[in-house]
Amino acid sequence: MCGIVGYIGTKQAYPILIKGLRRLEYRGYDSAGVAMIGQSGSLNVYKTKGKVDNLTDYCTDKDISGCIGIAHTRWATHGEPSARNAHPHYSQSHNLAIIHNGIIENYADIKSRLQEKGVTFASDTDTEVLVQLVEYIMSSKNLTLLEAVQTALYQVIGAYAIAILDKRDPHQIIAARKQSPLVVGIGEGEFFLGSDASPIIEYTDKVVYLEDGNIAVIRLGEELKVMSIHGEEQALQVKKVDIDLGQIEKGGYPHFMLKEIFEQPECLTNCMRGRINVEGNQVTLSAMIDHHQKLLKAKRIVIVACGTSWHAGLIGKQLIESLCRIPCEVEYASEFRYRNPVVTKDDVVIAISQSGETADTLAAIQLAKERGAFIYGICNAIGSSIPRATDTGTYIHVGPEIGVASTKAFTGQVTVLSMLALCLADKLGTITKEEYQLMVSELTRIPKKMERALQANEQIKHLAMIFTYAKNCLYLGRGYNYPVALEGALKLKEISYIHAEGYPAAEMKHGPIALIDSEMPVFVIATRDRLYEKVISNIQEVRARGGRVTALVTAGDELISQYADHVIELPDTLECFQPLIASIPLQLLAYHIAVCKGKDVDRPRNLAKSVTVE
């Protein structure tokens with residue numbers, strides 16, 4: 001969940017490392033640090049608690065020379081956020097420095113054994129244990145750094161992406177990965193490292209995604225070498241990264257989150273481009289062409305995901321069951337992997353993850369594969385671990401999402417699930433041709449309707465000032481809009497730190513109604529659909545108990561305004577696509593409330609973008 005960046009070449013490393021850390025700061029911002037081999041040959045490690053700005057302030061009067069270095073921005077797992085626990089970590093001799101993303105599960109046992117041999121530790125982290133182990137192996141067995149890293153990695157249990165410097169060999173970085181992403185960028189006479197491609201793309205579009213169990217030997221003036229932990233050299237799979245640098249900049253917006261909310265119409269157009277024909281009446285997915293037999297014969301579909309992706313999965317379940325008549329279940333990947341779930345070769349498992357690196361989802365995929373299921377991935381990050389681990393899948397193509405609170409990835413995931421359900425339903429004959437073409441046509445209109453929904457931004461900005469006082473909020477929805485209520489509540493919790501819960505509106509009477517009073521804002525998704533009258537009744541129940549209601553309604557609705565304190569109008573669409581429109585005002589509401597409260601919207605406390613550890 002931390003961010004790793006590295007450089008070796010002929011340029012000064014420090015500016016490249018700092019810029020890379022800023023682009024990776026969405027992965028963690030409890031602390032940050034750099035390690036560089038200076039022009040004098042010293043191995044200099046500088047690290048601070050807090051964000052990258054704290055680090056740059058600290059380094060103002062330090063020796064930042066050198067053309068080789070590694071850097072890290074941390075999301076704390078072992079050891080509280082502090083300069084002491086920040087990465088990089090020295091070995092005891094200060095000859096080695098390491099950065100690490102992941103968790104070494106057996107670190108306590110290794111630490112105890114090393115302490116018995118006289119090794120002393122300067123931090124509370126599992127990461128320091130690894131660098132001390134590598135150094136101990138080097139000195140006790142007279143091995144090279146590469147050999148010692150291979151030997152050490154045999155002994156550790158857990159997940160890791162690491163990069164190590166040795167000041168006695170100032171022209172080499174050793175990097176390795178297992179269950180945590182690591183990318184090597186190949187430039188002209190220089191190499192780059194990153195947890196993802198964002199710190200690399202400014203300098204090169206050629207990258208190598210390290211596979212699990214791979215070790216990269218990066219030497220100045222030589223070709224990149226990749227080998228297995230066993231020492232077997234691996235063929236290089238050089239990929240071209242197609243990311244516009246502008247996509248990872250704010251583009252004039254005050255925060256990445258607001259930029260990404262407003263990007264959604266264009267993003268969904270990109271998501272559908274090449275998949276829905278120009279006439280807007282036919283969906284074609286390559287996965288369906290290549291694997292239609294497996295997909296069409298599915299006896300059951302199981303969706304595994306975490307967080308916002310799980311909410312998208314709940315919408316996907318309704319789409320699949322309603323349109324395709326295939327039983328569908330939605331599982332938290334973190335729970336699925338630790339149960340003994342019934343999974344068979346007749347099942348299709350859909351794994352959803354924005355980053356493609358979510359540890360629990362990757363583990364759920366492995367479990368399902370072992371039991372013979374066919375695995376379909378829905379991801380945003382091209383070349384990430386989940387697309388490589390699945391049998392087939394679909395990228396959402398919404399561009400890099402930097403804000404920690406997911407927005408455009410959510411609507412991109414729902415769009416892909418909509419296209420998949422339509423493809424399956426058409427091939428299975430579970431909807432008529434007329435219904436199919438009507439729905440495909442309406443899906444193509446969603447980006448324009450999103451643009452209209454975004455016009456409520458100023459109204460929502462004003463409303464947000466009213467709700468900054470709130471300690472608790474309730475979000476209600478029914479049918480397709482129930483997952484939207486869950487997602488709206490999650491967004492508010494994530495970035496404003498206001499407690500909020502989402503419920504099916506009818507379940508309010510089974511407990512949550514006891515909480516309603518004049519101090520409890522209630523947000524209700526009340527668009528016109530088959531449950532419209534039921535939702536009106538739920539609103540009246542809230543009002544009868546003094547609750548303050550803000551309702552999301554279909555444009556032109558005059559009835560609900562009689563009962564709600566505030567109304568936000570949305571363009572009309574088919575019931576199954578309402579989540580794509582209704583999610584937008586709730587994203588904006590969470591954003592503006594957080595801004596009013598003075599919160600760091602893009603980097604909320606205790607959270608990181610990609611959950612690559614358990």
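1. Helix α11 covers residues 359–370 of this predicted model. At 1.5 Å a residue, its 12 residues should span 16 Å, and the end C-alpha atoms lie 17 Å apart, which agrees with that expectation. Beyond the helix comes Gly372, with a positive phi near 90°.

2. The buried residues of α11 are Ala359, Asp360, Thr361, Leu362, Ala364, Ile365, Leu367 and Ala368. As background to such a pattern, an α-helix has 3.6 residues a turn, so residues three or four places apart point the same way. The cover over the buried residues of α11 includes three strands, β15 (300–305), β17 (347–353) and β18 (374–379). Helices α10 (333–336) and α12 (385–389) are also among the elements that cover them.

3. Strand β15, one of the elements covering α11, deserves separate attention. Six of its six residues are buried, so β15 is largely enclosed by the rest of the structure. Arg300, Val302 and Val304 point one way from the strand, while Ile301, Ile303 and Ala305 point the other way. In a regular strand the side chains alternate between the two faces of the sheet. The residues on both sides of β15 are buried, Arg300 included.

4. The strand partners of β15 can be listed in turn. With β17, β15 pairs in the parallel sense over five bridges; within this pairing, Ile301 has Val348 of β17 as its bridge partner. With β16 (residues 328–332), β15 is again joined by five bridges, and these two strands run parallel. Here Ile303 of β15 has Val330 of β16 as its bridge partner.

5. The connection from β15 to β16 involves a helix. Together with helix α9 (residues 307–324), the two strands make a right-handed β-α-β unit.

6. The setting of these elements is a chain with 18 helices and 24 strands. With 614 residues, a compact globule would have a radius of gyration near 25 Å; the computed value for the chain is 25 Å, which agrees. Along the principal axes, the C-alpha atoms fill a box of roughly 80 × 55 × 45 Å.

7. Burial and contacts complete the description of the chain. Of its 614 residues, 61% count as buried. Among contacts between residues at least 6 apart in sequence, 71% join residues at least 24 apart. The accessible surface comes to about 23300 Å², and carbon and sulfur atoms account for 49% of that surface.

Methods
Residues numbered from 1 in each chain as written. Predicted model: local features only at pLDDT ≥ 70, side-chain atom pairs only at ≥ 80, totals over all residues. Heavy atoms only, no water. Helix = DSSP H or I, 4+ residues; strand = E, 2+ residues; numbered from the N terminus. Expected span 1.5 Å × (residues − 1). Buried < 20%, exposed > 50% of the residue type's maximum accessible area, 1.4 Å probe, protein only. Contact = heavy atoms within 4.5 Å. Pairing = 2+ DSSP bridges. Right-handed = clockwise from strand over helix to strand, strands pointing away. Rg over C-alpha atoms; globule rule 2.2 N^0.38 Å. Areas by Shrake-Rupley, 256 points an atom, 1.4 Å probe, with all protein chains shown as cover.
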